Amino acid sequence: MVRLRRALPLPAALLLSLLATACADARQDVTLLEWTTTAPESWVAGAPSSEMRLAEYRIGSEPDPAEVVVYYFGEGQGGSVGDNLQRWTAQFSGPDGGPVEPEIERLEDTPFPTTLVRLSGTYARQIGMGGDQPGVPGQRLLSAVVETPRGNLYVQMHGPERVVAGEQQAFVDFVTGIGS
């Protein structure tokens, strides 16, 4: 005679931990031009607010969420990697009002040449043609230029330093996944 043993329930803390891990690993597929990547489920997708935006996400809650935007201006459009790095760096200043030093990295083992820049400080974001916003301290920008055969994709995450820092690996995974 075989006796079946009743499984003991998992302790509540372990069960919650397993659920949190499963939720953190949830992903959503994204198509950018003809290439795909994945974004974490925690990134809340929104409708792109202009024709130049392929995708938009919000991360975190109000009043201080971060934003991820994927820009595409067309083949040969949007400026060089160097021009964009210079422009993004000029939008930041340090505590003393002086310039900040960008962290620039060429990502390896990616389907397309990809450059990543990290900037932190007071961010005076430029929107559109001359629509500057006042500088906001305590901000971070992660920006990547993904050089596809159809033109560059410009992927940016910006917002409060703590929110963006916590999502940095997810951003890198999103960018390096394009075309995988």
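**Exercise 1. Glu34 and its partner**

Determine whether Glu34 is buried or exposed, or in between, in this predicted model, and find which residue forms a salt bridge with Glu34.

Solution.
- Step 1. Glu34 has a relative accessible area of 46%. Buried requires under 20% and exposed over 50%, so Glu34 is partly exposed.
- Step 2. The salt-bridge partner of Glu34 is Arg150, with 2.5 Å between the closest N and O atoms.
- Step 3. Glu34 sits in the loop between β1 (27–32) and β2 (35–40), and Arg150 in the loop between β11 (136–148) and β12 (151–160), so the pair ties together parts that are 116 residues apart in sequence.
- Step 4. Arg150 has a relative accessible area of 34%, so this residue is also partly exposed.

**Exercise 2. Two further salt bridges**

State where the partners of the Asp64 and Arg162 salt bridge lie, then do so for Glu103 and Arg118.

Solution.
- Step 1. Asp64 and Arg162 meet through their side chains at 3.9 Å, N to O. Asp64 belongs to the loop between β4 (53–59) and β5 (66–72) and Arg162 to helix α3 (residues 161–166), so the salt bridge ties together parts that are 98 residues apart in sequence.
- Step 2. The relative accessibility of Asp64 is 37%, which makes Asp64 partly exposed. Arg162, at 57%, counts as exposed.
- Step 3. The side chains of Glu103 and Arg118 form a salt bridge at 3.9 Å, N to O. Here both partners are in strands: Glu103 in β7 (residues 103–107) and Arg118 in β8 (residues 114–123), so the parts tied together are 15 residues apart in sequence.
- Step 4. Glu103 is partly exposed at 47%, whereas Arg118 is buried at 15%.
- Step 5. Arg53, Glu56 and Glu67 are joined into one network by salt bridges that share partners. The count of salt bridges comes to eight.

**Exercise 3. The buried side of α2**

List the buried residues of α2 and say which elements they pack against.

Solution.
- Step 1. The buried residues are Val81, Asn84, Leu85, Trp88 and Thr89.
- Step 2. Around the axis they cover an arc of only 130°, so they are on the same side of α2.
- Step 3. The general rule is that an α-helix has 3.6 residues a turn, so residues three or four places apart point the same way.
- Step 4. Gln86 and Ala90, on the other side of α2, are exposed.
- Step 5. The buried residues of α2 pack against β6 (92–93), β7, β8, β11 and β12.

**Exercise 4. Asn84**

Describe the surroundings of Asn84, a residue of helix α2 (residues 81–90).

Solution.
- Step 1. With a relative accessibility of 4%, Asn84 counts as buried because the cut-off is under 20%.
- Step 2. The Asn84 side chain reaches the backbone oxygen of Gly78 at 2.9 Å.
- Step 3. Leaving out residues up to four places away in sequence, Asn84 touches Gly78, Gly79 and Tyr154.

**Exercise 5. The whole chain**

Give the number of helices and strands in the protein chain, the share of residues that count as buried and the area the chain exposes.

Solution.
- Step 1. The protein chain contains four helices and 12 strands.
- Step 2. Its 180 residues include 42% that count as buried.
- Step 3. The protein chain exposes about 10600 Å², and carbon and sulfur atoms supply 55% of that area.
- Step 4. Of the contacts between residues at least 6 apart in sequence, 52% join residues at least 24 apart.

Technical notes:
Residues numbered from 1 in each chain as written. Predicted model: local features only at pLDDT ≥ 70, side-chain atom pairs only at ≥ 80, totals over all residues. Heavy atoms only, no water. Buried < 20%, exposed > 50% of the residue type's maximum accessible area, 1.4 Å probe, protein only. Polar contact = N/O pair within 3.5 Å; in protein donor to acceptor, adjacent residues only side chain to side chain. Contact = heavy atoms within 4.5 Å. Salt bridge = Lys/Arg side-chain N within 4 Å of Asp/Glu carboxyl O. Helix = DSSP H or I, 4+ residues; strand = E, 2+ residues; numbered from the N terminus. Areas by Shrake-Rupley, 256 points an atom, 1.4 Å probe, with all protein chains shown as cover. Arc of directions from axis to C-beta.
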